[in-house]
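This briefing is meant for a reader who is meeting the structure for the first time. Please keep the sequence and the model in view while reading the points below.

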Amino acid sequence: MIRPSGRALLLAAGALVASALAVGLGGEARDVALIVWPVLAAALLVDWLVSARRPPAVAGRAPDQVFTGDQAEIFLSLTPAPAPGVQCRLDWPEGLDGPAEGVFGLGADGIGRLRLSVRARRRGLWRVPRLWLLWPSRLGLFEFAPSAPIDLEIAVVPNLRLVHSGIIDVSVRSQLFGAKENMVKGEGSEFHQLRDFVSGMDARSIDWKRSARHRSLVAKEMRAERNHHVVIALDNGYLMREEIAGLPKIDHAVNAALATAWAAAVGGDLVGLFAYDHRPRHFDPPEPGRRVFPKLRRRTADLDYSSRESNHTLAMVHLLGRLQRRSLVVVFSDFVDTTGAELLVENVRTLGQRHVVVFVALRDPAVEVLATEPVGSLNAAALALSATDFRRDRRIVLERLSRLGVVVVDAEPAQVSARLVSTYIDLKAREVV
């Protein structure tokens with residue numbers, strides 16, 4: 001697309017004024033009106049002839065996958081660069097957040113290069129089909145503004161940095177199968193092996209029937225039971241679309257859920273997934289964690305952002321009907337007031353009568369700041385009062401859940417994964433399930 005520049009419009013306005021004055025003065029001055037416009041037209045023609053060329057080719061390079069909340073570098077090249085300082089404009093999709101404009105730097109090889117930093121805000125496969133270029137003509141009378149295809153595709157996936165770092169593996173192995181191994185073996189509920197009874201061992205561990213058969217004291221050595229069922233229940237209703245710390249709550253929940261699923265896989269347990277909004281969406285029955293983890297990652301990556309209100313009653317009844325044995329159920333959900341939380345509390349209580357329930361609530365750092373920062377105006381006082389009331393209502397609901405026997409994990413997004421993994425390790429070591 002070619003359009004006149006500001007310089008050309010200014011020259012045209014000057015020519016119009018000169019023509020009007022020449023006509024007004026009359027006589028020989030009228031000849032000026034006949035000269036100005038041909039000169040301007042000739043200048044425009046010459047500028048177009050020396051500047052017109054085929055649109056340059058634009059190539060883009062971006063990473064195939066980006067974790068939610070992370071920054072990604074996108075590299076663009078312009079071949080050949082038609083002029084120094086070529087500008088570009090991009091329309092980013094909903095899941096990516098980057099600068100709307102950029103300027104290509106011109107290299108010695110005549111190729112324009114641009115690096116953009118983009119932040120991943122939503123899970124999904126996001127496409128940037130084209131961009132718009134802008135550069136002036138040689139004389140500055142025109143601006144060339146063509147669009148160029150780039151067809152960039154970036155897949156934004158749940159954040160697995162904690163899983164890839166190996167921190168979870170070290171924590172689970174050291175706390176369950178390392179320094180605490182003797183305690184886990186001695187106080188577990190699953191038979192491990194028989195061994196000769198020696199002084200100092202608990203007399204209650206003696207197997208009297210086998211001792212009589214062997215004519216020597218033999219003790220049972222127990223270990224912590226493995227193959228527990230761990231089910232991740234994700235509330236994907238509209239309340240979980242609220243952004244805290246730069247990401248929707250559901251994305252923070254997905255990241256923490258996958259970290260917990262990996263911890264359960266390392267711990268030798270079976271992991272399942274349940275997702276719901278106004279109705280149940282997905283249920284993957286518990287399977288050996290290492291084998292099922294890639295499927296869980298794909299399921300959570302494909303989880304849509306729902307705009308419907310969650311139906312906790314239907315979801316928990318459906319989950320109760322699908323679970324065939326006592327399980328550890330990790331529920332990620334949200335509420336905004338005590339009235340709206342009544343159904344949630346009641347259904348979690350029903351679920352907790354047959355299973356061990358861990359309820360995960362994400363604390364908003366902005367609310368904590370509003371409730372504690374100094375007040376300097378009436379508007380700030382109103383915000384602080386609202387934040388304080390919200391914190392109080394939230395504490396009341398979480399305390400009710402705790403009194404019902406539900407394990408509550410209330411943490412900010414940056415700490416929720418570590419807190420949840422530690423809670424899982426503690427429950428497994430104590431054989432609560």
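A residue is called buried here when its relative accessible area is under 20%. The model is a predicted one, and the points below follow one helix, α12, and one strand, β20, together with the elements around them.

**Helix α12**

- Helix α12 runs over residues 378-403, and because 26 residues at 1.5 Å a residue should span 38 Å, the distance of 38 Å between its end C-alpha atoms agrees with that expectation.
- The buried residues of this helix are Ala384, Ala387, Asp393, Arg394, Val397, Leu398 and Leu401.
- The cover over those buried residues includes two helices, α10 (342-352) and α11 (365-372), as well as two strands, β21 (356-362) and β22 (407-411).
- After α12 comes Gly405, which has a positive phi, near 95°.

**Strand β20**

- Strand β20, residues 327-332, is mostly covered, since six of its six residues are buried.
- Ser327, Val329 and Val331 point one way from β20, whereas Leu328, Val330 and Phe332 point the other way, and the residues on both sides are buried.

**Partners of β20**

- With strand β15 (residues 229-235), β20 pairs in the parallel sense over six bridges, and within this pairing Val329 of β20 is the bridge partner of Val231.
- With β21, β20 also pairs in the parallel sense, over five bridges, and here Leu328 stands opposite Val356 of β21.
- The strands β20 and β21 form, together with helix α10, a β-α-β unit that is right-handed.

Definitions and conventions. Residues are numbered from 1 along each chain as its sequence is written. This is a predicted model: local features need pLDDT of at least 70, side-chain atom pairs count only at pLDDT 80 or more; totals for chains, interfaces and linings use all residues. Side-chain values use heavy atoms; hydrogens and water are left out. Helices (H or I, at least four residues) and strands (E, at least two) are DSSP runs, numbered from the N terminus. The expected span of a helix is 1.5 Å times one less than its number of residues. Buried means under 20% relative accessible area, exposed over 50%, partly exposed in between (1.4 Å probe, protein chains only). Contact means heavy atoms within 4.5 Å. Two strands pair if DSSP finds at least two bridges between them. A crossover is right-handed if, with the strands pointing away from the viewer, the path from the first strand over the helix to the second runs clockwise.
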